[in-house]
Amino acid sequence: MAAMTRIHATDLTELVRRCCEGVGLSEGDSEAVAAVLLYANVRGQDAHGIARLPNYMKRVSNGLATGSEQIRVIVEAGPPRPLHAGRAIGPAAATKGTELA
């Protein structure tokens, strides 16, 4: 059986954030992705956690996904406020959408 290595959540958050910035996401989007992925992991939802990071990095690197800079509000009046997320990576889009709501 392979030995398990434990990494403190704050160290892992920093690593994920730096990886995201390394492929071109903004500081805010990188923090959002790190927060969402780690939130999933610490609650036992590993399939929705940092295991997704390599795929996110590939998608951004290949131009298939972006940060939240392209998100725009489609209808300004009243709730709900539908958004067009462009090709924003999921956690960054969700975080930005929550801020715009």
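Biologist: Leaving aside its neighbours within four places in sequence, which residues is H84 in contact with, and what makes a pair count as a contact?

Modeller: In this predicted model, H84 is in contact with Q70, I71, R72 and I74, once its neighbours within four places in sequence are left aside. Each of these pairs is called a contact because heavy atoms of the two residues come within 4.5 Å. As for I74, its C-alpha atom is 6.4 Å from that of H84, and the two residues are ten apart in sequence.

Biologist: Where does H84 lie, and what makes it count as partly exposed?

Modeller: H84 lies in strand β2, which covers residues 83-84. Its relative accessibility is 37%, and since buried means under 20% and exposed means over 50%, a value in between is called partly exposed.

Biologist: How many helices and strands does the chain have, and in what order do the elements run?

Modeller: The chain has four helices and two strands, and from the N terminus on the order is α-α-α-β-β-α. Its C-alpha trace spans about 55 × 30 × 20 Å along the principal axes. Of the 101 residues in the chain, 29% are buried. Among the contacts with a separation of 6 or more, 40% join residues 24 or more positions apart.

Biologist: How do you know that the span of helix α1 agrees with its number of residues?

Modeller: Helix α1 takes in residues 9-22, which is 14 residues, and at 1.5 Å a residue these should span 20 Å; the C-alpha atoms at its two ends are 20 Å apart, so the value agrees with the expected one. A like check can be made on α2, where 16 residues reach 22 Å from the first C-alpha to the last, close to the 22 Å expected.

Biologist: Which residues of α1 are buried, and why can they be said to line one face of the helix?

Modeller: The buried residues of α1 are L12, V16, R17 and C20. Seen down the helix axis, they fall within an arc of 135°, and therefore they line one face of α1. On the other side of α1, the residues T10, D11, R18 and G22 are exposed. As for what lies against the buried residues, they pack against α2, residues 27-42, and α3, residues 53-61. Just after α1 comes G24, which takes a positive phi of about 110°.

Biologist: What makes L37 and A32 count as buried?

Modeller: L37 has a relative accessibility of 1% and A32 has one of 7%; buried means under 20%, so each value meets the cut-off. L37 is in helix α2, and A32 has its place in helix α2 as well. Both appear among the buried residues of this helix, which are D29, S30, A32, V33, A34, L37, L38 and A40.

Biologist: What covers the buried residues of α2, and which residues are in contact with L37 and with A32?

Modeller: The cover includes α1, α3 and α4, the last of these being residues 90-100. Leaving aside neighbours within four places in sequence, L37 is in contact with V16, H48, G49, I50, R52, L53 and Y56, while A32, on the same terms, is in contact with P91, A92 and T95. From the side of α4, the buried residues are P91, A92, A93 and G97, and these pack against α2, α3 and β2.

Biologist: How many cavities of 30 Å³ or more does the structure hold, and which residues line the largest cavity?

Modeller: The structure holds one cavity of 30 Å³ or more, and about 40 Å³ of space lies in the largest cavity. The lining consists of C20, V23, L25, V33, L53, Y56, M57, V60 and I89, with α3 giving the most, at four residues.

Biologist: How do the residues of that lining divide into nonpolar, polar and charged?

Modeller: The division is nine nonpolar, no polar and no charged. The reason lies in the residue types, because Cys, Val, Leu, Tyr, Met and Ile are among those that count as nonpolar.

Methods: Residues are numbered from 1 along each chain as its sequence is written. This is a predicted model: local features need pLDDT of at least 70, side-chain atom pairs count only at pLDDT 80 or more; totals for chains, interfaces and linings use all residues. Side-chain values use heavy atoms; hydrogens and water are left out. The expected span of a helix is 1.5 Å times one less than its number of residues. Buried means under 20% relative accessible area, exposed over 50%, partly exposed in between (1.4 Å probe, protein chains only). The arc is that of the directions from the helix axis to the C-beta atoms. On a 1 Å grid over the protein atoms alone, a cavity is a set of points where a 1.4 Å probe fits but cannot get out, and a pocket is an open set with protein on both sides within 12 Å along at least five of seven lines; lining residues have an atom within 4 Å of a point. Grid points are joined across faces, edges and corners, and a volume is the space filled by probe spheres set on the points.
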